[in-house]
Amino acid sequence: MSAQTGSAAQASRAQPVRYGSMSRSRRWALRWSYFFLVLFAAFFLLPPFYMLITSLKTSAEISAATNPWWVFSPTLENYIELLTTDQYLVFFRNSALVSLIVVTLTMVISVPAAFALSRMKFWGSATLATGVFLTYLVPETLLFIPLFKIFAEVRNLTGIELINNWWVLLILYPTLTVPFCTWIMIGYFASIPKELDEAALIDGATWMQTLTKIFIPVALPGLIAATIFAFTVSWAQFLYPLAFTTSTDQLVLPVGIVTTLIKGDVFNWGQIMTGALLGAAPPLVIYAFLMDYYIAGLTAGATKG
Amino acid sequence: MAEVSLHKVVKRYEGVEAVRGIDLTIGDKEFVVLVGPSGCGKSTTLRMIAGLEEITDGAIQIDGTVVNDVPPKDRDIAMVFQNYALYPHMTVSENMSFGLRLKRFPKDEIRRRVDEAARILNIEDLLERKPRQLSGGQRQRVAMGRAIVRNPKVFLFDEPLSNLDAKLRVQMRTEIKRVHQQVPVTTVYVTHDQVEAMTLADRVVVMNDGVIEQVGAPNELYHSPRTRFVAGFIGSPSMNFLRCKLDREGEDLMVRLADGVALTLPAESRERYREHVGRELVLGLRPEHLTETRPPRNGEVVAPFPAVPDVVEPMGMDTLVYFRVGREEVCARMDPSANPRVGEPITLAANLARMHLLDPGSGLVLGTRPTG
């Protein structure tokens, strides 16, 4: 207690006394924020750090009873092995293809959908907007069995084999991304003043021109947020590919790592960690690249008149 | 050349009538202001002219053509919004030229029109800026510029000055009037500010509760209001309304107020009010016609009016004095040199040539023809 008052007194000497109590409460707020920030950072960064450590170890060192938080003889063996086998590169290619196409599909569907739902007041548009969001609330764990059944029926009826093809994910993932992205974009579009599209309407713009020339540029931060979301969901999706793809050449990264690097009860920890780490890199790069733009867009939007 | 006319125009939202069958003709190059309290239907009327709201019933004509089912872009109108509605991601010049670019005007024509509008509005230096780099007044100019470059048949203004601070509002008001003199286009302007309406308009349309109360030149509305609503809405501070009884005393007509104050009507207004003798009426008298006692100017007929000030508000140019007659508060506008003090009885002069008598039931001003 005395230490506190002592430091407060010091601080009030050092700074103008006018806002003494304000700065004291502010300083405590800062201390607590730093405490929790460090706590959370440690909590979230320890697993990737452990992955990095482990990926640099040989299998022998992983199973040895040494300090698990230190690498005694670092090696790139895991990386070389993984990146020179075709299998891992195939997973990577499948993941990248699926994610990029799904993101594009999602945007092509949800942006016009959100525009229509938020601006073209047609009969039932409000109900439909809520319906879109409710769709998102149905978890995929509930859907994969009925979907599997539907796909089997489709094969029986048409002869088209949907199961065990990587491209079937292009149909599955949008069921997760489109509703949520539509919902995000409805929110962003709703924040655009009504007068802006009325002005465009009077200026002679069609609905399509209003969307492409006014709404998309103005709601760019929202568009980027939705893109990031769609990409993350597609890249990290586990259950659907696990259920719907089985051949090694059809697998995406998360499933591929788990199914090929765990053989029976043998866990190839070094490669699993390497694979996971490399797999986590693309979203990280995209976040880092788009985040600046995202925040810049946010602040620009905040001051618009 | 464009005349705008409304015939029995009705707007109904889910059973509520926002506009209740209005008739109005706006002449070519005329500046008409729709004024009234919020919810009176003035903005709805403007938005129906713009094509942003559908017309429930009746017809709107622009330049002789019924436009009920014509989309906004084909009505050849331009609109200035209260919140400017500038496209935030475009520069000033892109904002102004957006409509022309959509219509695929030639580049040099666009350039010429934008430069011309920028010159009129004095925003030549701002053409490359984004809206967020502009002040409120500058944004409003750009919004007007966007309307001017279109060279439309009709200008529509929806409370364009409401988002500006008081000083800028007065400045922009003058600016709008100047622009209309330079670019004379049929203009419909909506505001809730009666000062804006009076200063800008060729004709003012006073609306209340979905109907037009009165249409007239600013001075006409001020001097000869037809209803209590118009009398109270136009002028600031607003007209005093006092309950009174009209009595005859020999040849003279007198209005007796609650406190026993009796005012003798001027001889020339006797004829107008004779049929109402003995009735309970409402006396309408503007604060500027209730002043300190001074020698009457030509034509003035003044009656002494005793008062004990409750509140005194010096305004610089004149001093507002509030006092009570019975339960009703009355405002008088005095010369500051009269130096009224709270609680000290004074005698005011009521200029009865300028007073109005109103029917308390219908709210109509007696001796005028009701609208419609």
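Me: Where is the place of B:Pro237 in chain B?
Reply: Happy to help you find your way around this predicted model. B:Pro237 sits in a loop of chain B, with helix H8 (228-233) on one side and a strand on the other. That strand is S11, so look in the loop between helix H8 and S11.

Me: What is omega of the peptide bond from B:Ser236 to B:Pro237?
Reply: Most peptide bonds are trans. The bond from B:Ser236 to B:Pro237 is cis instead, and its omega is near -10°.

Me: Is B:Asn240, in strand S11, buried or exposed?
Reply: B:Asn240 belongs to strand S11, which covers residues 240-249 of chain B. Its relative accessibility is 6%, and buried means under 20%. Therefore B:Asn240 counts as buried.

Me: Which residue offers the backbone oxygen that the side chain of B:Asn240 reaches?
Reply: B:Asn240 touches several residues beyond four places away in sequence, including B:Leu283, B:Pro287 and B:Cys331. Its side chain reaches a backbone oxygen at 2.7 Å, and that oxygen belongs to B:Cys331.

Me: Is B:Arg104 buried or exposed?
Reply: You will find B:Arg104 in the loop between helix H2 (92-102) and helix H3 (107-121) of chain B. Its phi is positive, near 55°. With 73% relative accessibility, and exposed meaning over 50%, B:Arg104 counts as exposed.

Me: What is phi of A:Asn164?
Reply: For this one, turn to chain A, where A:Asn164 lies in the loop between helix H7 (140-158) and helix H8 (169-172). Most residues other than glycine have a negative phi. A:Asn164 has a positive phi, near 65°.

Terms used
Residues numbered from 1 in each chain as written. Chains lettered and ligands numbered in written order. Predicted model: local features only at pLDDT ≥ 70, side-chain atom pairs only at ≥ 80, totals over all residues. Heavy atoms only, no water. Helix = DSSP H or I, 4+ residues; strand = E, 2+ residues; numbered from the N terminus. Buried < 20%, exposed > 50% of the residue type's maximum accessible area, 1.4 Å probe, protein only. Polar contact = N/O pair within 3.5 Å; in protein donor to acceptor, adjacent residues only side chain to side chain. Contact = heavy atoms within 4.5 Å.
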